[in-house]
Amino acid sequence: MTPAAAGRPRDPAIDAAVVAATLDVLREHGYAGFSLEAVAARAGTTKPSVRRRWPTRQSLVIDALASVLVTPPVPDNGCTRCDLTQSVGLLAEALLDRLPAGVLAPLVADCAHDAALHQRLIDVLVRPSRHAAAVAVRRAVDRGDLRAGVDPELLVDLLASVVYQRALFGGPAADRAGARPLVDLLLQGVAVDFGHLVRVSELPAHARHRH
């Protein structure tokens with residue numbers, strides 16, 4: 001969080017109340033209806049007190065959204081096709097299920113004018129949610145399931161693109177059923193042997209690590 005003014009000790013109870021109030025206001029009124037006055041009133045504090053902790057409304061919203069995100073666990077199914085499909089689902093859960101609806105797109109636009117705020121949004125809200133997919137892709141390259149020249153970061157960008165599209169512009173969530181066609185389309189371009197990966201994905205879980 002943004003450091004408090006020098007000489008003013010932080011009260012964790014107020015910080016927590018402000019973050020909770022921010023999420024409530026975003027869920028009830030959206031980003032367009034968000035105001036520091038509403039947050040302060042709901043948190044039982046004052047707008048200047050909020051401002052001392054978060055000098056900009058964008059920084060407060062970023063911290064509030066970060067409080068409901070978790071870094072997804074890295075899938076380890078012994079199956080590249082399964083791991084990548086699960087990675088897309090986990091990314092969708094992070095950005096579509098955990099964040100209040102309709103907030104990410106206007107927040108991105110609101111931070112675009114400030115390079116530091118934009119970078120903070122990426123570092124706090126986007127990079128952690130990509131972690132599981134990035135590790136799963138690198139693992140697939142290391143075990144020889146994907147071509148050696150595959151750029152893991154580029155492949156993660158492609159896997160995440162549908163989730164980002166829907167998080168920013170709306171649309172159905174990329175659940176397991178929706179993620180599988182995306183993963184298969186990409187794997188047909190980058191897999192060493194796509195047919196083998198399909199066969200492994202159809203094995204019982206206990207048998208996959210032997211292939």
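1. Residues 12-72 are 70% helix and 0% strand, with the end C-alpha atoms 26 Å apart. The UniProt record, an unreviewed entry, assigns this span the feature "domain: HTH tetR-type". The coordinates come from a predicted model, so the points below should be read along with the confidence values in point 3.

2. Within that stretch, the same kind of record, again an unreviewed entry, lists residues 35-54 as "DNA-binding region". In the model this span is 75% helix and 0% strand, and its end C-alpha atoms lie 13 Å apart.

3. On confidence, the mean pLDDT of the protein chain is 87, and 91% of its residues reach 70 or more. The exception to note is residues 3-7, where pLDDT stays under 50. The model gives this segment six contacts beyond four places in sequence. Where pLDDT is low, predicted coordinates should not be read in detail.

4. Helix H4, residues 57-66, is mostly covered, with eight of its ten residues buried. The buried residues are Gln58, Ser59, Leu60, Val61, Ile62, Asp63, Ala64 and Leu65. Which elements cover them? The cover includes helix H1 (12-29), helix H2 (36-43), helix H3 (47-53), helix H6 (104-111) and H7. An α-helix has 3.6 residues a turn, so residues three or four places apart point the same way. The buried residues of H4 run from Gln58 through to Leu65.

5. A search of the whole structure finds one cavity of 30 Å³ or more. The volume of this largest cavity is about 30 Å³. Its lining is made up of Leu69, Val70, Thr71, Val124, Leu125, Pro128 and Ser129. By class, the lining residues are five nonpolar, two polar and no charged.

6. Pro128, one of the lining residues of the largest cavity, sits in helix H7, which covers residues 115-142. Is Pro128 buried, partly exposed or exposed? Its relative accessible area is 27%, so Pro128 counts as partly exposed, the cut-off for buried being under 20% and for exposed over 50%.

7. Pro128 also links parts of the chain that are apart in sequence. Its C-alpha atom is 7.9 Å from that of Pro72, although the two residues are 56 residues apart along the chain. Leaving aside neighbours within four places in sequence, Pro128 is in contact with Thr71, Pro72, Ile122 and Asp123. Of these contacts, Thr71 also appears in the cavity lining, and Pro72 is the last residue of the span annotated in the UniProt record as "domain: HTH tetR-type".

Key: Residues numbered from 1 in each chain as written. Predicted model: local features only at pLDDT ≥ 70, side-chain atom pairs only at ≥ 80, totals over all residues. Heavy atoms only, no water. UniProt positions renumbered as here; feature names shortened; annotations may be inferred. Helix = DSSP H or I, 4+ residues; strand = E, 2+ residues; numbered from the N terminus. pLDDT = per-residue confidence, 0-100. Contact = heavy atoms within 4.5 Å. 1 Å grid on protein atoms, 1.4 Å probe; cavity = no way out; pocket = protein on both sides within 12 Å on 5 of 7 lines; lining within 4 Å. Points joined across faces, edges and corners; volume = space filled by probe spheres on them. Nonpolar A, V, L, I, M, F, W, Y, C, P; charged D, E, K, R; others polar. Buried < 20%, exposed > 50% of the residue type's maximum accessible area, 1.4 Å probe, protein only.
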